Amino acid sequence: MRMVAVVLGGGMGQRLGAGMPKQLLTLGGTTLIERCVAAFEAAPGVDEILVVMARGYTGQVESLLADRYAKVTAVIEGGLTRPESTRVALSAIAAGPSAAGQPDDCGVLLHDAARPLVDQRIIADCVAALAEHDAAGVAVPASDTMVITDNGVMQSMPRRETLLRCQTPQCFRLSVITRAHELAAADPGFAPTDDCGVVLRYLPDVAVHVVPGSERNIKITYAQDLAVAEVVLARGDDPPEPPASPPRSSP
């Protein structure tokens, strides 16, 4: 089965306050989006990479990635929201040139560009999960006690062992996630924050299996997250480094 990794970088990262899309910030001297692409480029189970970028920045990212990543098939403009960006990517996969002559279905790994430290074990486990299941999501155990509140008052405490924190990639057969998003798009009262939630709500008969994540696979949301990621990166066991830029010919 063809496996397509989608690096979702359509947001502007307003909570980080950097004045630019956070996926273009650097970690260890390399942009977040390029670190994500490099990880999927190095993954043997991934056949193609589709990059979704914020409006007005696709050309910049195309130049950044040019001639360095053989698996990148396109850099496309995302939507105004995360669900819209996902739908744009799903449509592009279904209509793309690599789909010609291929079976109707393929595996799709949806990954946040704000998670630049995803490792090869996680990616391999996601690919393996799609060989057996229609849907899977990366998650890690919750270390804190969780509480349900109402109007500032604690109401109940769910059992911590039943709670996980979702990460990405989130992985689906193309037909499954496409159908789930079609149903979500027709429901104006639902504003999903991730794709597993879309499947859970609209395709309740589809089991979403858990792929163990990693505390290293952190999400860059605030400025302090980038500082933490720098520390994690400095500890070693780095994900694949981007390939060196090809030499430029003299004018």
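The legends below describe three close-up views of a predicted model. Residues are numbered from 1 along each chain as its sequence is written, and side-chain values use heavy atoms, with hydrogens and water left out. Local features need pLDDT of at least 70 and side-chain atom pairs count only at pLDDT 80 or more, whereas totals for chains, interfaces and linings use all residues.

**View 1. Lining of the second largest pocket.** This pocket (an open set of points on a 1 Å grid over the protein atoms alone, where a 1.4 Å probe fits, with protein on both sides within 12 Å along at least five of seven lines) has a volume of about 180 Å³, taken as the space filled by probe spheres set on the points. Its lining residues, which have an atom within 4 Å of a point, include Cys-166, Asp-194 and His-209. Strand S7 (135-141), helix H6 (195-202) and strand S11 (209-212) each give two or more residues to the lining; helices (H or I, at least four residues) and strands (E, at least two) are DSSP runs.

**View 2. Helix H6 and its N-terminal cap.** Asp-195, Cys-196, Val-198, Val-199 and Tyr-202 are the buried residues of H6, buried meaning under 20% relative accessible area with a 1.4 Å probe and protein chains only. Seen down the helix axis, these buried residues fall within an arc of 160° (from the directions to the C-beta atoms), so they line one face of H6. At the N-terminal end, Asp-194 caps H6 through a side-chain oxygen that lies 2.9 Å from the backbone nitrogen of Gly-197.

**View 3. Surroundings of Asp-112.** Asp-112, found in strand S6, counts as buried because its relative accessibility is 8%. Leaving aside residues up to four places away in sequence, Asp-112 touches Leu-8, Cys-36, Arg-82, Thr-168 and Lys-219, contact meaning heavy atoms within 4.5 Å.

Conventions. Buried < 20%, exposed > 50% of the residue type's maximum accessible area, 1.4 Å probe, protein only. Polar contact = N/O pair within 3.5 Å; in protein donor to acceptor, adjacent residues only side chain to side chain.
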